[in-house]
Amino acid sequence: GHEYRKLEPMPDAMWEALKSGAADGQAEDAAGGDKKSAMDFALWKKSKEGEPAWESPWGLGRPGWHIECSAMAGDVLGDNIDIHAGGEDLKFPHHDNELAQSEAFCGCKQWV
């Protein structure tokens with residue numbers, strides 16, 4: 001399995017609680033009720049009025065914005081990259097999400 005706490009380190013006990021669901025109540029409050037964790041992100045989003053939309057098995061919607069960056073990096077650089085840079089403001093959620101989806105898609109434990 002993959003462990004996505006690379007950019008926001010947390011104690012093992014907290015990580016295990018999140019994975020087991022023991023922290024769901026706290027995370028749900030922090031996430032507004034729809035997420036298992038405040039750190040969850042969407043790969044596919046329901047499109048708002050006026051936004052581009054495509055049919056999918058999950059309904060009319062669009063990809064989450066992090067997918068675009070992962071897809072472009074993978075197309076140009078392959079399954080692993082040596083360095084990744086970006087602004088501090090993108091640390092979470094953007095870079096964490098890129099790591100999560102790229103490592104899962106590429107089947108590697110370390111994408112960067």
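How much area does the chain expose, and what share of it do carbon and sulfur atoms supply? In this predicted model, the exposed area of the chain comes to about 7,800 Å², of which 56% is supplied by carbon and sulfur atoms. The chain has 112 residues, and 24% of them count as buried. Four helices and two strands are assigned, and, read from the N terminus, these elements follow one another in the order α-α-β-β-α-α. Among the contacts in the chain with a separation of 6 or more, 48% are accounted for by residues that stand 24 or more positions apart.

The confidence of the prediction has to be considered before individual regions are described. The mean pLDDT of the chain is 76, and 74% of the residues score at least 70. Among the elements, strand 2 has the highest mean pLDDT, at 87, whereas helix 2, which covers residues 24–31, has the lowest, at 47. Over residues 24–29 the pLDDT stays under 50, and for this stretch the model has seven contacts beyond four places in sequence. Where pLDDT is low, the predicted coordinates should not be read in detail.

Helix 4 offers a detailed view of buried positions. This helix consists of 16 residues, and the distance from its first C-alpha to its last is 21 Å, which is close to the 22 Å expected at 1.5 Å a residue. The buried residues of helix 4 form a list that runs through His94, His95, Asp96, Asn97, Glu98, Leu99, Ala100, Gln101, Ser102 and Glu103, and helix 3, spanning residues 65–77, is included in what covers them. Glu98, which belongs to helix 4 (residues 91–106), has a relative accessibility of 4% and therefore counts as buried. When residues up to four places away in sequence are not counted, Glu98 touches His66, Cys69, Ser70, His84 and Trp111. After helix 4 comes Gly107, which has a positive phi, near 70°.

The cysteines on either side of Gly107 were examined for a possible link. A disulfide is a covalent bond between the sulfur atoms of two cysteines. With a cut-off of 2.5 Å between sulfur atoms, the count of disulfides comes to zero. For Cys106, the closest cysteine sulfur is that of Cys108, and because the separation is 5.1 Å, the two are too far apart for a bond. Cys108 is accordingly in no disulfide, the nearest cysteine sulfur being that of Cys106. The two residues can also be described by their accessibility: Cys106 is partly exposed, with a relative accessible area of 22%, while Cys108, with a relative accessible area of 12%, is buried.

A further feature concerns aromatic side chains. A pair of aromatic rings is described by the distance of the centres and the angle of the planes. The count of such pairs in the model comes to one. The pair is made by Trp44 and Trp58, whose ring centres lie 6.0 Å apart and whose planes stand at 45°, so the arrangement is classed as tilted. Because Trp44 lies in strand 1 (residues 44–46) and Trp58 in the loop between strand 1 and strand 2 (61–63), the pair ties together parts that are 14 residues apart in sequence. Trp44 is partly exposed, with a relative accessible area of 26%, whereas Trp58, at 65% relative accessibility, counts as exposed.

The loop between strand 1 and strand 2 also holds Gly59, a residue that is partly exposed, with a relative accessible area of 26%. Apart from its neighbours within four places in sequence, Gly59 is in contact with Trp44 and Trp54. The C-alpha atom of Gly59 is separated by 9.5 Å from that of Ser47, although the two residues are twelve residues apart along the chain.

A separation of another kind is found for Ile83, which is placed in the loop between helix 3 and helix 4. Ile83 is exposed, its relative accessible area being 70%. Between Ile83 and Val112, which are 29 residues apart in sequence, the distance in space is 6.1 Å, C-alpha to C-alpha.

Technical notes:
Residues numbered from 1 in each chain as written. Predicted model: local features only at pLDDT ≥ 70, side-chain atom pairs only at ≥ 80, totals over all residues. Heavy atoms only, no water. Buried < 20%, exposed > 50% of the residue type's maximum accessible area, 1.4 Å probe, protein only. Contact = heavy atoms within 4.5 Å. Expected span 1.5 Å × (residues − 1). Areas by Shrake-Rupley, 256 points an atom, 1.4 Å probe, with all protein chains shown as cover. Phe/Tyr/Trp six-rings, centres within 6.5 Å; stacked < 30°, edge-to-face > 60°. pLDDT = per-residue confidence, 0-100.
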